[in-house]
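Let's take a friendly look inside a protein, at its enclosed spaces and at the way some of its helices pack. Keep the 3D view open as you read.

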Amino acid sequence: MKDWMGKIRTLSLFSFLVLILSACGKENLTALAPKGYGAQQSMTVIIVSILVMTVVFIVVMIIFLYVMMKFRRKKVGEGHIPQQVEGNHKLEVIWTVIPILLLIIIAIPTVAVTYDLADESQMEDSININVTGLQFWWNFEYANEEIQTSQELYIPVDERVYLNMISNDVIHSFWVPTISGKMDVNPDNENTMYIEAHEEGVYWGKCAEFCGDSHSLMDFKIVVVSQDEYDQWVAAMQDTDPEYTAEAAEGQELFANSCISCHAIDASSTNPVVGPNLADFGNRAMIAGVRDFNKENLVEWILDPASIKPGNGMLGAPYLEENSISEEEASQIADFLMELKATEEPVDSVEHFRENESVHSN
Amino acid sequence: MSTLVANEKKGFGSTIWDYLTTVDHKKIAILYLIAGGFFFLLGGLEALAIRVQLIKPMNDFVSAGFYNELITMHGTTMIFLAAMPLIFAFMNAVVPLQIGARDVAFPFLNSLGFWLFLFGGILLNVGWFTGGAADAGWTAYTPLSTTSPGHGVDYYVLGLQISGAGTLMGGINFLVTIINMRAPGMTYMRMPLFTWTAFVASALILFAFPALTVGLFLMMFDRMFDSVFFDAAMGGNSVIWQHLFWIFGHPEVYILILPAFGIFSEIIATFSKKRLFGYTAMVFATVLIGFLGFMVWAHHMFTVGMGPAANSIFAVATMAIAVPTGIKIFNWLFTLWGGNIQINTAMLWALGFIPSFTIGGMTGVMLAAASADYQYHDTYFVIAHFHYVIVGGVVFGLLAGTHYFWPKMFGTILDETLGKITFWLFFIGFHMTFFIQHFLGLMGMPRRYWVFLEGQGLDLGNLISSIGAFLMGIATIILLINVVKTSVKNEKVGADPWDARTLEWAIPSPPPFYNFKQLPLVRGLDPLWIEKTEGRKGMTPAEPLGDIHMPNNSFLPFIMSVGFFIAGLGFIYQKDNLAWLSAVFIGMGIALGCMLVRSLKDDLGYHIHKEDLQKEAKE
């Protein structure tokens, strides 16, 4: 079945269509220029169905336009009484049978890909990540590696990764359009999907199931790295013991007083998840998923998270209710957070992302 | 002084009283038209606010919380309070006339259905003024809806429950009417297609609405009485709501679109001067769509994690619906083929519908492909698709019906020039708004997004979409001007201004309150056309002139609905303060009291006497 699919994809017509469609959208966000297995498989079905449906549309439009030109009152005369035709059995059969055949053409790849994308046979030998969706952020726990991170999911290129997903509150949906289609993250049961990225880079992930005030700001990233980088990253995360400079000492103390009860800074922490794990924060591609990575934005987030993500869980933090952190102290906390690094430098993809992407928010 | 004369020349107050108590299907149709029209404007304003918010990235025109109320109420209002009642407006105005009946089977129930819908609709919107309307999306997925703070979702639950009861009554009423009250000779296979589609839609209402009722009751108990049907942590299941909602929700789409198909079938046949091509196939396609409509609900849930077997089955079942829908499109095209096509405003809407709806059907099949839907689902692609079918299908149908049936309902013809301007502005605005959204979705824009970030390649598409929405807004204003202008001018037209084919055009416009002085004899499909081609002016009567039995007006439906409204408020606020339980008892007391009065007091109606009818004929 897979070979057959491969052949279809190589048809020049298809590549031509892909070329047109790839002109649409941002390269690490759009579903129209897939860079992962799931997105490619879905794209195949999308293209098959667009082609078949376009044929139908063209047929309808040809008849429609012909009729509109030929049988207008102006053409046939004011008083013309047309023959009162009852119908035509042959025609009825034709426009019943041909659509059925066309639908079969769409149905076959649809079903094949549906089963293919639900394949769990390689689950045991693959990287397994437990994904938890929360209003309005994502927690990622690497089951076998025993590390935890949030908001930015690191995976090795060309490697199948299984995601076991559950929600802590309402329903969310995990969607990285360029890599794979989406899967709901329910509070009731664990849903499993796999992703496989074919190109290194940082890809935008979106929450696709309406989940409350900041649903539109529940962005996350998938960071696709080389196998070497991935192994180094995992090793570093398993041993997050950052050394702080003197400048960060005050921030560390403030953090220990006001933040640590919700935010772990140790990637191997097994405490119950309350707020995002901030280990390796200094190597993040973005702040809060939707702000450029710089200190100014981080200070703003610490002081006023409500205006950036309305309704988020941090709004109940004691320090905000008591208004007990000054701008200067927030700046010290920011200094500390930006020194939280598992590896000396961010991976190349993140470096590239920080340099080239900007959402310009203030 | 007879009852005939009593109906003319009344003051403003007595006209209001007449409409509050009427059980006449034609007046109830006008009530549905006004109320549905009002909610259509309200939902339209909400849509415009949404499009202003999305006109540029990171806009702050409205807050996140208010935006969520806007999208929720836009969807809920448009489906339940605009599209459904407007469909009912035309079903009421036309179906009894098309089958040659003097009223619907249960005129009292008809009135009750309307007032329940109206008070339910008002209840839904009360939230705007009391601290926030519903904000969990029109689909109200649990647990977001069950945990939503405030009373917004409570209004949604009670409002929909009350208006849904009205709709269910309407559906049952039309089923009985169409089965029992057809004129002599009006066999099933001679019924006009609008009547057929109203019939099938009513059957769908009968089977689909109970699923919503059950779902809403469970949600009501979860929100107000601490049950945990949808709470996973307590052993409930939140996905059950999605099943219940879509077991109702998918047939609901066909409840809306089938009568619109019916309206188009009437218009296309009339203005092509041709019998509907493949009438039998059209009828069977309608029934088949109605039947399959119940088999496909889970295609709204491909990403829920049902597994590949369920996804595949529902994918293929959904694709199957394209076949009867395609049959319909081709039969309309071949009705036009060889016809004498007159293009006026009603026909423009019908002709604009064909390509628009075909695009909606195309994307429908694309969405049915489960493994492709993983990309489309919950994005603007879906928004684009269902607006193509609901605006391009249902709304176009309602606007076509407004122009086509206006003479029958009001005795005047809507201005053609303004009508054509409305059509072109709306048609262009519609495609501008929604075509680009297919691409926005695939470019990574999920639905129900309050803001989109800068630099995501989504700016231009959203701007175009917003501009299109304003064109539709302007078109709607011109339509309103048209209605006012036509009403002020008040130029009366005859019984049959379109040279049409079906029974409703055989009686005066607007029809007398008893519709048919003598029930007509139906001799085939398109009965009026048959008589006209044989040189007769009108229908041949099937009975001698005799007394006509008519139902009495009643104020009970209005009071009963007020009772349910008060009880609804009581249910919502007893959560805060148990004193509100008194409102529940008072409200339910009023409603049940009305039922008791209705049950115990004989209301035998009255007769219009033969002599009065003869006297009227001479005048």
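This report goes through the cavities and then two pairs of packed helices in what is a predicted model.

## Cavities in the structure

Start by looking for enclosed spaces. Across the whole structure, a search turns up five cavities of 30 Å³ or more. The largest cavity has a volume of about 110 Å³, and the second largest has a volume of about 50 Å³.

## The largest cavity

To find the largest cavity in your view, go to chain B. Its lining is made of 14 residues, and those nearest its centre are B:Leu193, B:Glu266, B:Ala269, B:Leu276 and B:Asp526. Helix α9 of chain B, residues 239-272, gives the most to this lining, with four residues.

What kinds of residue line the largest cavity? Eight of them are nonpolar, three are polar and three are charged.

## The second largest cavity

Now move on to the second largest cavity. Among the residues that line it are the aromatic-ring names you may recognise, B:Tyr32, B:Phe80, B:Phe88 and B:Phe117, as well as B:Met84 and B:Pro85. The lining also includes B:Gly113, B:Ser163, B:Gly166 and B:Thr167. Three elements of chain B give two or more residues each to this lining: α4 (64-98), α5 (107-126) and α7 (152-180).

Of these, α4(B) gives the most, with four residues. By class, the lining of the second largest cavity has six nonpolar residues, four polar ones and no charged ones.

## Helices α7 and α8 of chain B

Two packed helices are described by the angle between their axes and the distance between the axes. For α7(B) and helix α8 of chain B (residues 193-224), the angle is about 155° and the axes are 8 Å apart. Because angles over 145 degrees count as roughly antiparallel, α7(B) is roughly antiparallel to α8(B).

The crossing of these two helices, α7(B) and α8(B), is left-handed. Their contact holds 23 nonpolar, seven polar and two charged residues.

## Helices α12 and α13 of chain B

How do helix α12 (residues 322-336) and helix α13 (residues 345-368) of chain B cross? Their axes come within 11 Å and cross at roughly 155°, so α12(B) is roughly antiparallel to α13(B). The crossing of α12(B) and α13(B) is left-handed.

Which residues meet here? From α12(B) they include B:Ile329, B:Trp332 and B:Leu333, and from α13(B) they include B:Leu351, B:Phe353 and B:Phe357. This contact of α12(B) with α13(B) has 11 nonpolar residues, two polar ones and no charged ones.

Definitions and conventions
Residues numbered from 1 in each chain as written. Chains lettered and ligands numbered in written order. Predicted model: local features only at pLDDT ≥ 70, side-chain atom pairs only at ≥ 80, totals over all residues. Heavy atoms only, no water. 1 Å grid on protein atoms, 1.4 Å probe; cavity = no way out; pocket = protein on both sides within 12 Å on 5 of 7 lines; lining within 4 Å. Points joined across faces, edges and corners; volume = space filled by probe spheres on them. Nonpolar A, V, L, I, M, F, W, Y, C, P; charged D, E, K, R; others polar. Axes fitted to C-alpha atoms, helices over the stretch in contact; angles between N-to-C directions. Parallel < 35°, antiparallel > 145°, perpendicular 65-115°, else oblique. Left-handed = near helix turned anticlockwise from the far one by under 90°. Contact = heavy atoms within 4.5 Å.
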